[in-house]
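Please open the structure in the viewer and keep the selection panel at hand. The stops below follow one another as a sequence of selections.

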Amino acid sequence: VEPPGPNREADPALDDVGTTARPKGHNYWMAERHAQELLCSWLSPEQRRQYDARRNFEVVGSDTGKRYRICKGSVFNIQELDTEGQQVRALCFTAEGVATGDVNLAQKIALETFESKVLAIANRSSGTTWHEIEPQIEQRVEEPRSLLQWISRAAAPAIAYCLMAAIVLVAIISGIHTLVPA
Amino acid sequence: MEAKMATQIVMDQTGDSRHQFDAADARSVAEAEERFKMLTGAGFTAAKRLAEGKSEILRSFDPTAEETLFIPRLKGG
């Protein structure tokens, strides 16, 4: 599914002439990969280290000097931090029609260069759901780590089907015994 | 001597689109300036990449910027 975004066909400013624009038929996952590459290339070495280690990075607001943690994501993924590095509240503002990496880069640049302006449009929440959501997502897409784990996962449905079949078979046989007198 | 190419990067649904221009070529610079005006006029924010992960917002076209990023209009989520 292609996310909505600037229409390159209709907008001459976005045409491909003299550019290295991406080929047609681009899909969401390729867009996300390119956006992640762009984000990483614009991070400072320290931010890059943080992002590689824990999929979030910290920025300093241009007007207040407050610290924010931008977590990989696009909904209430910005944590405003206190002096101890603890979350005070979560913020949400986004760039529409672009991949997550682009959203996070836009958030970084906005907070680092025009913090007050972007805070004026941001929505606020008492806390972020990022830490609660992310592990669940990771668990859902986690690949089996060992052969035993893989076999147990693959075997579980098969065992369930065999048990069901056995129960049905027993029920049929006992039904036959009931109907046919000895 | 090899010409120094500057890049305008536009965030879009493909991740980004890149437009290169030769800062020493007047026609190429004029096209880049025109693109800058069209994009910022359409609501994009232009940011120039500085060293060490820093950036600066551009209010007008800077032909000396090696890398300019165009960010779609931001809105509260």
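**A buried glutamate and its partners**

Select B:Glu67 and B:Arg49: their side chains are joined by a polar contact of 2.9 Å. The model is a predicted one. Keep B:Glu67 selected and add A:Trp42, whose side chain makes a polar contact of 3.0 Å with the side chain of B:Glu67.

Next, colour chain B by secondary structure; B:Glu67 is located in strand S5 of that chain. Is B:Glu67 buried or exposed? Its relative accessibility is 18%, and because buried means under 20%, B:Glu67 counts as buried.

Now display the surroundings of B:Glu67. Setting aside neighbours within four places in sequence, the residues in contact with B:Glu67 are A:Trp42, B:Thr7, B:Ile9, B:Ala47, B:Lys48 and B:Arg49. For a distance check, pick the C-alpha atoms of B:Glu67 and B:Met38: they lie 17 Å apart in space, with the two positions 29 residues apart in sequence numbering.

**The largest nonpolar core**

Move on to the largest nonpolar core, which has 32 residues. Select A:Phe93, A:Leu105, A:Ile109, A:Leu111, B:Leu69 and B:Leu74, the members that touch the most other members. Then show the elements that each supply at least two residues of this core: from chain A, helix H1 (28–42), strands S1 (56–60), S2 (67–71) and S4 (87–95), and helices H3 (100–113) and H4 (115–121); from chain B, strands S1 (5–12) and S5 (67–71). Which element gives the most to this core? It is H3 of chain A, with six residues.

Centre the view on A:Leu111. Not counting residues up to four places away in sequence, A:Leu111 touches A:Val59, A:Val60, A:Gly61, A:Ser62, A:Tyr68, A:Ile70, A:Ile78, A:Phe93, A:Val118 and A:Leu119. Apart from the largest core lies another core, of twelve residues; to find this one, select B:Phe36, B:Leu39, B:Leu58 and B:Phe70, which are among its members.

**Chain A as a whole**

Finally, hide chain B and view chain A as a cartoon. Chain A has six helices and five strands, and from the N terminus on its elements run α-α-β-β-β-β-α-α-β-α-α. Of its 182 residues, 38% count as buried. Among the contacts in chain A between residues at least 6 apart in sequence, 51% join residues at least 24 apart. Switch to a surface display to end the tour: chain A exposes about 10900 Å², of which carbon and sulfur atoms supply 61%.

Notes: Residues are numbered from 1 along each chain as its sequence is written. Chains are lettered from A and ligands numbered from 1 in the order in which they are written. This is a predicted model: local features need pLDDT of at least 70, side-chain atom pairs count only at pLDDT 80 or more; totals for chains, interfaces and linings use all residues. Side-chain values use heavy atoms; hydrogens and water are left out. A nonpolar core is a set of buried Ala, Val, Leu, Ile, Met, Phe, Trp, Tyr and Cys residues joined through side-chain atoms within 4.5 Å. Buried means under 20% relative accessible area, exposed over 50%, partly exposed in between (1.4 Å probe, protein chains only). Helices (H or I, at least four residues) and strands (E, at least two) are DSSP runs, numbered from the N terminus. Contact means heavy atoms within 4.5 Å. Accessible areas come from the Shrake-Rupley method with a 1.4 Å probe; for residues, only the protein chains shown count as cover. A polar contact is a pair of N or O atoms within 3.5 Å; within protein, one must be able to donate a hydrogen and the other to accept it, and residues adjacent in sequence count only if both atoms are side-chain atoms.
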